[in-house]
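Colleague: Could you take one part of this model and go through it slowly with me, as you would for someone in a first year of study? I would like to hear how the reasoning runs from step to step.

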Amino acid sequence: MDWLDFIDIMVLDEKAAKAKYKQAGRIATDPRIKELFRKLAYEEDIHMAVLQKFKKDIQASTTRA
Ligand SMILES: [Fe+2]
């Protein structure tokens, strides 16, 4: 496994976390808890974007070398 493969696995973990937070948000009845899970799900999108950026940077650096 190389770093690109590892990043792909991490992205899957972020997607799974987002799905769990969204599910928890659908189940929650307290609006404060719903908002908490909405924010947590959104943060997973940010994590995925950071990981995709890392992946592109690694790919760019390896094709240049
Ligand atoms: Fe995350």
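Modeller: A crossing of two helices is called left-handed if the near helix is turned anticlockwise from the far one by less than a right angle, and right-handed if the turn is clockwise. With that in hand, we can look at the pair of helices here, keeping in mind that this is a predicted model. The protein has two helices and zero strands. Its radius of gyration is 15 Å, well over the 11 Å that the globule rule gives for 65 residues, so the protein is more spread out than a compact globule. Along the principal axes, its C-alpha atoms fill a box of roughly 55 × 20 × 10 Å.

Now to the pairing itself. Two packed helices are described by the angle between their axes and by the distance between those axes. Helix α1, which covers residues 3-27, packs with helix α2, residues 31-64, at an angle of about 170 degrees, and the two axes lie 8 Å apart. Because angles over 145 degrees count as roughly antiparallel, α1 is roughly antiparallel to α2. The handedness defined above also applies, since α1 passes α2 in a left-handed crossing. Sorted by class, the residues in the contact of α1 with α2 are 15 nonpolar, three polar and nine charged.

Helix α2 allows a check on its length: at 1.5 Å a residue, its 34 residues should span 50 Å, and its end C-alpha atoms are indeed 50 Å apart, which agrees. Of those 34 residues the number buried is zero, so α2 lies largely in the open. For the protein as a whole, buried residues make up 0% of the 65 residues.

Two residues of α1 show how such labels are reached. Leucine 4 lies in helix α1, and because it has 12 C-beta neighbours inside 10 Å, it counts as exposed, the cut-off for that label being 12 or fewer. The C-alpha atoms of leucine 4 and glutamine 23 are separated by 29 Å, with their positions 19 residues apart along the chain. Lysine 22 also lies in helix α1, but with 15 other C-beta atoms within 10 Å it is partly exposed. From lysine 22 to isoleucine 46 the distance is 15 Å in space, C-alpha to C-alpha, although they are 24 residues apart in sequence.

Key
Residues numbered from 1 in each chain as written. Predicted model: local features only at pLDDT ≥ 70, side-chain atom pairs only at ≥ 80, totals over all residues. Axes fitted to C-alpha atoms, helices over the stretch in contact; angles between N-to-C directions. Helix = DSSP H or I, 4+ residues; strand = E, 2+ residues; numbered from the N terminus. Parallel < 35°, antiparallel > 145°, perpendicular 65-115°, else oblique. Nonpolar A, V, L, I, M, F, W, Y, C, P; charged D, E, K, R; others polar. Buried ≥ 20, exposed ≤ 12 C-beta atoms within 10 Å, placed from the backbone. Expected span 1.5 Å × (residues − 1). Rg over C-alpha atoms; globule rule 2.2 N^0.38 Å.
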